[in-house]
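Biologist: Could you take me on a close look at one strand of this protein and the parts around it? I'd like to know how it sits among its neighbours.

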Amino acid sequence: MAIAMEIEGFLKECERSGDAAYAALKSLLEKLENPGTRSDARVFFARLQQRFDSEDAGEQCFRTYHFRIHDVLLHDFQGNQKRKKLTMVEIPSIFVPEDWSFTFYEGINRHPDSMFKDKTVTELGCGNGWISIALAQRWSPLKVYGLDINPRAVKISWINLFLNALDDNGVPLYDAEGKTLLDRVEFHESDLLGYCRQNKLQLERIIGCIPQILNPNPEAMSKMITENASEEFLFSLSNYCALQGVYYVSTTIRHLSRHFFGNSVSIQSYLWQWKKIPVKQQMVLGVLEDQFGLGLIARAVEEGIEVIKPNGIMIFNIGGRPGQVVCKRLFERRGFSITKLWQTKIMQAADTDISALVEIEKNSHHRFEFFMGLVGDQPICARTAFAYAKSGGRISHALSVYSCNLRQPNQVKIIFDFIKNGFQELSSSLDLSFDNDSVADEKIPFLAYLASVLKENTFLPYQPPAGSTDFRNLIAGFMKVYHRIPITADNVTVFPSRSVAIENALRVFSPQLAIVDEHLTRNLPKQWLTSLKIEGTGDDQKAITVIEAPRQSDLMIELIKKLKPQVVITGMAQFEAITSSAFENLLNTTRDTGTRLFLDISDYFELSSLPGTNGVLKYLAGKCLPSHAAILCGLVKNQVYSDLEVAFTISEDSTVYKTLSKTVELMEGHTALFSQYYYGCIFHELLAFQLPDRHPLAERESDNSNSVKLIGFASSAISALNTAELSVNDEKNSQLIHMDVDQNFLPLPSVVKAFIFESFSRQNMVDSETNVRPAIEQLVQSIYGFQCDCSSECIFANSHLSLFNKLVLCCIEEQGTFLFPSGTNGSYVSAAKFMSADVVIVPTKLEVGFKLVPDTLSSLLGTLRKPWLYLCGPTVNPTGLLYSNNEIKEILSVCAKYGVKVVIDTSFSGLDFCADGWSRWDLQACLSSLTCINSSFCVSLLGGLSFELLTGGLEFGYLVLNDPTLVDAFSALPSLSRPHRTIVYAIKKLLGLRQQKSQSFFQVMDEQKDILKRQSDCLMQTLRNCGWDVISCHSGVSMVAKPTAYLGKMLKLDCFNAKLDDTNFREAMLKATGLCINSGSWTGIPNYCRLTFALDSADFARALECIALFKKLVLEK
């Protein structure tokens, strides 16, 4: 009688409302949780279920009392307790078992017992907990965590756990291991995997039957879901269409159209343009996932990557409305291999409005998948399904259960760990789906490495221009492990491309006659290939004659014997590359004729764990490479980026490899860092599993034979290299501080990191995403007032230095003279001298900050024929001063009078941190106002974006030519090392932010300008306090200063003992303190040194300490 009265009171309370019923059930849960009242509470539930023991009575209870207790039948399944059913409580505000969850359980049930046995499992969106409980009872996992964002669902799940862990009399039910369901199952309130992430749980299985919700604001939704939320709202979580609408579809299309087209137009135009975006691109960008209700599942998958163990498996239930391709790509583009466990059809709910899906089909190429009834096999689109349903037909859709596991778990985890730390927007563009496993094996490890580099480094550290130390070590390691060749990193020189390596080799030797393999001449200067002069008169002969020759070694050898060239650059025919005999014949012939040999092995060099036989490398495993020979190899054989190139040379002659290394810095600046990262990652993967030094290397034979006297380095090249003051590269001393390089070592902005990673992670870029010309034209117009028209030519390269060097070649070709103001970037002057250009230095004066003045220029131009002028501006490198608009106007007026071809280098501009009173440039107005113009006069604009866009290691140079004759001359030059499309993509994205006047982007630029201002002020004050005369700078990353107090003073150290002057001051500073600076020979201003200050804060502080230390060693000792 007491229980009966208690039941009546309970039902009366429940009858008031759904909220009251939930409160009453929660009170019973408290009794179940208390061991002292647990049995009585379980008996109460048993009697309550008996009160409504039929299906009709249960439905009546649900309508009247806002809950029901019923049995979920598990058919012929028998768990450890031999039970065929689960007893479950349901309330209106939670997801109740129906076709979706039953299909999901059937898919799970297809797995063998070992799938969940003794595993740690999480179920997402557990609802009333029946699947978690059934799974624990069926497979005896170590632990099951049932998670749901609905707090009421979690409470009801706990009730259901107790109902099935105890029998009707409240007695615990034990399994064969002596455990109850209470030992194996827990339920927690959690937004997806938030509970597991917060508690750092590592899971072996993640399962989920997650609602497919179209939700434009997930964060706002999570804040709205509370235990006191209305029943209607909580129940709507189970209905994927509850929040969908055409507005969300339209705004998402608008966002993606901006991503592709970047212009503000009407929504009708957006929808029209949206149709042009490839379907695969829509899927990659995550649009279909969000619009079709898969966004929540996608987020669960990404959170799962963080907490699942490397061999873990995820299982999800997905409705097939978006189409099987979309459903599969949700997993594949996140690095998963998937298996479809089970699929069935379910009827579309009659109250579900699919008009939003019709709207998506109208404005895209995508088609949804519905079926007519449950027996139809041919899919119909949403538009047809909508019309059919409106006419009274019943439509269905597929329901599938997918099992997935990470194909490269450790690497994918690294990638998503990077993404979650401030780069969530990258998730929509990430695509780790690959049709070819070999592509995945290359790209995924690289993206993981790139993610690690970008995450762990606030800036990209200095690397030697001729290849980073790590990369050259990897090349040497590969040669040692796979080909038994005991070279070191010193023997390896890295170039941007094979063509650059060939051109640099020919320039450094400047042979009067060279024979080059006909397959390798395509990128050489045309004048080299058209000259017929074979015999010269001495080393001062500037012309290089290149004879093309067939690759076959016997024909090449015959030409070498007859013509006796000073340099030969050739590859080998395929049939000759297998053995070393052809290579030996070439070595012997070139030795006898005193010819330097560069042998190209690019075509037969395999980046593989099972490389094929290579006769050249087989020879080098047993014999040292003779001093007259070097190996050349272009790396282009990768599985992902067919046009991403890096090249390297191998020489065992120290004078050769040291000189070649210098040419890289002088001619190219340095080799693209990210290209080295990519190939370095491939080398690393091939070496990572190898045991070091397992087989001792054989003793190699030395080359003791004497050759005829070889051609030496060209005198002009050696003179330029010796006086160039290139960056200090002492790899044994990692503590060097570089104030001698034109690089920005300030913190790399997050937006730049994001675009770098996105550019490499994207697949199937469309042309519009890498067409950067309109953005460059808009940039030079808006900043410098430089007008581009239909006759203008925009040329892009890996660096602005390589573009400048091509302009020097144009000057040489027309027999012109290149003028440089003293106080110009010394690297440019040295590069021009290296190429044997006729160079004239224009004097400048301290009184005007060593800027060029019109009167001095005018007096000099009257004596020169075909003059060219290099002018760095608006920011002058290295002084950091600014040319005003009036100053540049006066200089151009003089140049126009004398027909000067002016090259304005803006590469170091854009970081003007102290420009009060400075008038910005308007080059178009300046040029339009000129009255006396010689027909030869023209202005070309050279630029680089590494400073302007704060790109760190992301190098990009551009050149805008407006003179038709110069355009023609430039096109006749050897081809440039073009920036890879990934780099162009990132650059365009950054330029887009600038064009859009992104507040966050300009804020980052202002922050970096503030850093430069503080560090320039601090450096200037420190120098003055230590006896230097400093010229105040206003822009850029460097300043010049004269060590007045030190000149003529003695410095006595173990490694240095001399009186200080302009010729040894750089060396003295380096040896005394480890600080690298440039001296007056680099700046072109006697006794004035160049110091860059765009350093990381720690390095900058150390640099100031070095300056103070030098003062103590010289002035206070």
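Modeller: Happy to! A word on terms before we start: accessible areas here come from the Shrake-Rupley method with a 1.4 Å probe. On that basis the protein, which is a predicted model, exposes about 44,400 Å², and carbon and sulfur atoms supply 49% of that area. Of its 1117 residues, 59% count as buried. The chain forms 45 helices and 31 strands, and I suggest we settle on strand E23, residues 901–905.

Start with how covered E23 is. Because 5 of its 5 residues are buried, the strand is largely enclosed by the rest of the structure. Follow its side chains and you will see two directions: Lys901, Val903 and Asp905 point one way, while Val902 and Ile904 point the other way. Residues on both sides are buried, the charged-looking names Lys901 and Asp905 included.

Now for the partners. Strand E22, residues 867–872, runs parallel to E23, and 5 bridges join the two. Here Cys872 stands opposite Asp905. To get from E22 to E23, the chain passes through helix H37, residues 885–898, in a β-α-β crossover that is right-handed.

E23 also pairs with strand E24, residues 938–944, again in the parallel sense and over 5 bridges. Asp905 is a handy landmark here too, since this residue of E23 stands opposite Leu942 in E24. The link from E23 to E24 goes through helix H38, residues 923–928, and this β-α-β crossover is right-handed. If you keep Asp905 in view, then, you can look to Cys872 in one partner strand and to Leu942 in the other.

For the wider setting, consider how the chain packs. Among contacts between residues at least 6 apart in sequence, 76% join residues at least 24 apart. In soluble globular proteins, nonpolar side chains tend to be buried together. In this model the largest nonpolar core holds 165 residues, and those touching the most other members are Phe316, Ile415, Phe583, Phe605, Phe757 and Tyr958. Take Ile415 as a sample: beyond its neighbours within four places in sequence, its contacts include Leu430, Leu432, Ile444 and Phe757. A second, separate core has 67 residues, among them Ala514, Trp528, Ala717 and Cys811.

If you'd like a helix to set beside the strand, try H35, residues 826–834, which is mostly covered, with 8 of its 9 residues buried. At its start, a side-chain oxygen of Asn825 reaches to within 2.9 Å of the backbone nitrogen of Ser827.

Conventions:
Residues numbered from 1 in each chain as written. Predicted model: local features only at pLDDT ≥ 70, side-chain atom pairs only at ≥ 80, totals over all residues. Heavy atoms only, no water. Buried < 20%, exposed > 50% of the residue type's maximum accessible area, 1.4 Å probe, protein only. Helix = DSSP H or I, 4+ residues; strand = E, 2+ residues; numbered from the N terminus. Pairing = 2+ DSSP bridges. Right-handed = clockwise from strand over helix to strand, strands pointing away. Core = buried A, V, L, I, M, F, W, Y, C linked by side-chain atoms within 4.5 Å. Contact = heavy atoms within 4.5 Å. Polar contact = N/O pair within 3.5 Å; in protein donor to acceptor, adjacent residues only side chain to side chain.
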